Structures are given as structure tokens and as C-alpha cells.
Amino acid sequence: MKTLAILTAAGAVLFAISASAQPSVPVEPALVANTCSQCHGDRGLSIAPLFPDLAAQDKDYLVAQLKNFRDHKRSDQHAQAYMWGMAGDLTDDTIDAIATYFSSLPPPPRTSGLDPAEVAAGKAIFENGVSADNVPACKACHGDSAAGSATIPRLAGQHREYLATQLLAFRSKQRYNDIMSANVAQMTDEQIRDVSSYLASLASPSAATEPSKADGK
Ligand code: HEC
Ligand code: HEC
């Protein structure tokens, strides 16, 4: 036992030294390593296209969504099936630590191999909206490079299947949000597909040199 105590103390000192050497990288919370990573990956790059990448997502947005899952305010089918249970017992402090961790990671790589016609049509929607269908320019809120800010999410490099599923859920109001449900109320399935392909194709500035992920079509 004595040896164990000494080893533990030595470990704590080493840990303190290495943590102080890299103050800008928060330690991965144990819950993320043990549980969340099974779907969202250790580094916030998820393992399947219906599971969102969380890496570099805006911190305030992550906090808001985890509270929405916990309080059953985000109630689309996948939110209920996958995230209500996961977020049910999280305290505000744990939510803050998780959001700090994921928001500090490098952003997801772009998706390659997407249909160029879809990407081009989606770019036009993102930049100009579709006034005939009352669809606003997405970049007005999500930013020129779709990096988001505060409670407006980053969309650049996100999985296209996840994006399209969310837009359909906002449209059907299964995932209800005043702003987004109104924005997409008159979007067609085709427009949703195109804008999702465009967003998936975007490289975030600091991810530009990283390898792309394969098209998940
Ligand atoms: C079994 C797989 C699974 C596990 C484990 C899991 N998630 Fe999720 N998570 C999902 C799915 C699926 C969604 C998308 C829900 C939807 O479509 O509304 C999601 C969505 C999210 C979102 C919303 C992201 C966004 O862009 O809106 C956050 C934040 C999140 N999860 C955090 C966590 C955290 C933190 C944990 C661990 C406590 C966790 N997840 C564990 C599957 C999982
Ligand atoms: C007036 C501001 C505004 C505009 C314009 C806007 N959005 Fe959003 N968007 C938001 C906000 C705020 C949220 C967070 C909603 C929530 O909390 O559930 C959001 C969420 C989203 C999400 C969910 C992302 C995730 O990780 O789950 C997607 C996808 C999205 N927007 C796509 C779009 C697209 C595509 C357009 C253009 C057709 C668009 N948005 C236009 C404000 C806006």
C-alpha cells in the first residue's frame, strides 16, 4: 500500500507538470473517455455519419444542447433514442467541462468525393438563401466559413447525413427551434441535400491540411 501511495503521489506530480506544460488543452473528462467516445470519438470525430462530430464545436452551443437533451427540450427521434439517457444525470459543472474539452479540439476534416453539382447548388443557398421559398442566407448567422459562434453551431465539415437529418427534423418540428424551424419551413428535400453536401465539403481554416474523410453517401 505504501508503494502504491508513493507511486500515486509521483503520478500526480508528473500529471501536474505535464498539465502545466500544455495549459491550453483541457484534460479529457473521464466520462468522455469511457462513454461519449464510443460514438463521438476520443477527439470528437464521430464513428458514424448520423453521430455528429463535436470537435471544435462552439462551447456555448454544446452547453445549450446538452441541457436541451437533459431537459427533454430537444426531442427528435435520435435525440430521444441516443442522448436523453446520456445527458439525463449530467450536472451543469460536468456539462461545462465536456463542452470546454470538445470545443478546444481541432475541427473535423472536410468530406471528399461529394457530387460537385450538389455542392455548387448548396453553396448558392448558403450564401444567398432562396428568396422564392423564404429561405434566408445561412451565412448571415453561421458565418462566412460556417464556423458559427456562441449558441450558433459550427457546420463546416460536419457529416452530411447528420446535417440533413437535423434540417428535416427542424422542418417537421420534431426538433423544434423558433429560428431554424422557420428558416427551413419551405426548403425542399433537394435543397436540404444540396446545402448539407456543401457544408460537409467545407474545410475549416485550421483543418485545411488534414486528410479528408471519405464520402459517407
Ligand atoms: C450510442 C451513441 C452515443 C453516445 C454514447 C453519445 N452520443 Fe451524443 N449523440 C448521438 C447521436 C445519434 C446524436 C444526434 C442526435 C440527434 O440526431 O438529434 C448525438 C448528439 C450529441 C450532441 C449534439 C451535437 C450537435 O451538433 O447538436 C452533443 C453535444 C452530444 N451528443 C454529446 C454527447 C456526450 C457529452 C456524450 C457522453 C455523455 C454523448 N454524446 C454520448 C449519439 C451518442
Ligand atoms: C437567423 C439565424 C440563422 C440562420 C439565418 C440560419 N441558422 Fe441554422 N441555426 C441557428 C441557430 C440559433 C441554431 C441552433 C438551434 C438550436 O439551438 O437547436 C442553428 C442550428 C442549425 C443546425 C443544427 C446543427 C447541429 O449541429 O445540430 C443546422 C444543420 C443549421 N442550423 C443549418 C442552417 C442552414 C442550412 C441555414 C440556411 C438555409 C441556416 N442554418 C440558417 C441560426 C440560424
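**Helix packing and two ligand shells**

Helices α3 and α5 lie oblique to each other in this predicted model, and the reason is the angle between their axes: α3 (residues 59-70) and α5 (residues 92-103) cross at roughly 140°, and an angle counts as roughly antiparallel over 145 degrees, as roughly perpendicular from 65 to 115, and as oblique in between, so the pair is classed as oblique. Their axes come within 9 Å, and the crossing of α3 past α5 is right-handed.

On the α3 side, the contact is formed by Lys59, Leu62, Val63, Leu66 and Lys67, while α5 contributes Ile95, Asp96, Ile98, Ala99, Thr100, Phe102 and Ser103. Sorted by class, this contact between α3 and α5 comprises seven nonpolar, two polar and three charged residues.

Helix α3 also takes part in the surroundings of ligand 1, where α2 (30-40), α3 and α4 (77-87) are the elements that each supply two or more residues to the shell. That shell has 23 residues, of which Cys36, Cys39, His78, Ala79 and Tyr82 are the closest to the ligand. The most is given by α2, which provides six residues, and the shell as a whole consists of 15 nonpolar, seven polar and one charged residues.

Turning to ligand 2, one finds 21 residues around it, with Pro136, Cys138, Cys141, Pro153 and Asn177 the closest. Here the elements giving two or more residues to the shell are α7 (139-142), α8 (160-172) and α9 (178-183). The residues around ligand 2 divide into 16 nonpolar and five polar, with no charged residue in the shell.

Technical notes:
Residues are numbered from 1 along each chain as its sequence is written. Chains are lettered from A and ligands numbered from 1 in the order in which they are written. This is a predicted model: local features need pLDDT of at least 70, side-chain atom pairs count only at pLDDT 80 or more; totals for chains, interfaces and linings use all residues. Axes are lines fitted to C-alpha atoms, for helices over the stretch in contact, and angles run from 0 to 180 degrees between N-to-C directions. Helices (H or I, at least four residues) and strands (E, at least two) are DSSP runs, numbered from the N terminus. Angles under 35 degrees count as roughly parallel, over 145 as roughly antiparallel, 65 to 115 as roughly perpendicular and the rest as oblique. A crossing is left-handed if the near helix is turned anticlockwise from the far one by less than a right angle, and right-handed if clockwise. Two residues are in contact if their C-beta atoms, placed from the backbone, lie within 7 Å. Ala, Val, Leu, Ile, Met, Phe, Trp, Tyr, Cys and Pro count as nonpolar, Asp, Glu, Lys and Arg as charged, and the others, Gly among them, as polar. A residue is near a molecule or strand if its C-beta atom, placed from the backbone, lies within 6 Å of it.
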